[in-house]
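Please open the model in your viewer and keep the sequence panel beside it, since the tour moves from one selection to the next and names each stop by residue or by helix.

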Amino acid sequence: MATVKQVNDLIVKLMAIKNFSKDIHYTAKQYGDHLLADRVAEDLDEACDSIKENILLGNNAKVSASTIYLERASKEVPELKDNIEDNIEELFRLVERTLKYCNGLKLDRADSSLVDGVCEKLKNAKGLLFLRLEKEG
């Protein structure tokens, strides 16, 4: 079974995706990029809450204080660049790394079901980011 540290690491990774997406959202010059970044960030707060309540508390583990999660996530959020392409590429890599991390977790059926739902959302985000980055020719 996944350790408490692994579950907390997943929460931190999701928080980093959400916050970097919001950084992009608030600095985007094109409306489409603004909406895309918002879509990537959408529902990640709820996902983190569900993971805390169902996986941590449901397995008799304590949830860390928000200051601990926030401090750790702040170190994982990439630095925002001036170039939107660089930011979208970095967000793509952040989502991709988180998906790979999830694939390495060993979870029971209930926990796996929850994480699978989060991964489905991340896979959709990855696909949309891929489309945004795809160059013609």
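Begin with asparagine 54, which is partly exposed, its relative accessible area being 42%. The model you are looking at is a predicted one, and in it asparagine 54 lies in helix α3. If you display its surroundings, leaving aside residues up to four places away in sequence, you will find asparagine 54 touching Asn59, Asp111 and Leu114. Select leucine 114 together with asparagine 54 and draw the C-alpha to C-alpha distance: the two are 60 residues apart in sequence and 8.4 Å apart in space.

For a pair with another kind of separation, select leucine 131 and serine 64, which are 67 residues apart in sequence and whose C-alpha atoms lie 36 Å apart in space. Leucine 131 belongs to helix α6, and with a relative accessibility of 53% it counts as exposed.

Next, turn to two loop residues and look at their backbone. Aspartate 43 sits in the loop between α2 (31–41) and α3 (44–56), where it has a positive phi of about 70° although it is not a glycine; its relative accessible area of 47% makes aspartate 43 partly exposed. Then move to the loop between α3 and α4 (66–76), where asparagine 60 is found. Asparagine 60, also not a glycine, has a positive phi of about 60°, and with a relative accessible area of 76% asparagine 60 is exposed.

Now select helix α1 (residues 4–27) and α5, and view them side by side. Two packed helices are described by the angle between their axes and the distance between the axes. For α1 and α5 the angle is about 160° and the axes are 10 Å apart, which makes α1 roughly antiparallel to α5. The crossing in which α1 passes α5 is left-handed. On the α1 side of this contact you can highlight residues including Leu10, Lys13, Leu14, Ile17 and Phe20, and on the α5 side residues including Ile88, Leu91, Leu94, Val95 and Thr98. Coloured by character, the residues of the contact divide into 13 nonpolar, four polar and three charged.

Staying with α1, select histidine 25, which is placed in that helix. Is histidine 25 buried or exposed? Its relative accessibility is 8%, so it counts as buried. Among residues more than four places away in sequence, histidine 25 touches His34, Ala37 and Asp38.

Keep α5 on screen and add helix α6 (residues 109–133), for the axes of α5 and α6 come within 9 Å and cross at roughly 150°. The cut-off for roughly antiparallel is an angle over 145 degrees, and α5 and α6 are therefore roughly antiparallel to each other. Here too the crossing is left-handed as α5 passes α6. The α5 residues to pick out include Phe92, Val95, Thr98, Leu99 and Cys102, which take part in a contact whose α6 residues include Val115, Cys119, Leu122, Leu129 and Phe130. This contact divides into 13 nonpolar residues, one polar and six charged.

Within α5 (residues 84–103), stop at threonine 98. With a relative accessible area of 1%, threonine 98 is buried. When residues up to four places away in sequence are not counted, its contacts are Leu10, Lys13, Leu14, Ile17 and Leu122. Threonine 98 is listed in the contact of α1 with α5 and also in that of α5 with α6, which makes it a useful residue on which to centre the view.

Finish with the cysteines. How many disulfides does a search of the whole structure find? The search finds zero. Select cysteine 102 and look for the closest cysteine sulfur, which is in cysteine 119: the separation is 3.5 Å, too far for a bond, since a disulfide would need the two sulfur atoms within 2.5 Å. Seen from the other side, cysteine 119 is in no disulfide either, and the nearest cysteine sulfur to it is that of cysteine 102. Show the solvent-accessible surface as a last step, and both residues turn out to be buried: cysteine 102 has a relative accessibility of 6%, and cysteine 119 has a relative accessible area of 12%.

How values were computed
Residues numbered from 1 in each chain as written. Predicted model: local features only at pLDDT ≥ 70, side-chain atom pairs only at ≥ 80, totals over all residues. Heavy atoms only, no water. Helix = DSSP H or I, 4+ residues; strand = E, 2+ residues; numbered from the N terminus. Buried < 20%, exposed > 50% of the residue type's maximum accessible area, 1.4 Å probe, protein only. Contact = heavy atoms within 4.5 Å. Axes fitted to C-alpha atoms, helices over the stretch in contact; angles between N-to-C directions. Parallel < 35°, antiparallel > 145°, perpendicular 65-115°, else oblique. Left-handed = near helix turned anticlockwise from the far one by under 90°. Nonpolar A, V, L, I, M, F, W, Y, C, P; charged D, E, K, R; others polar.
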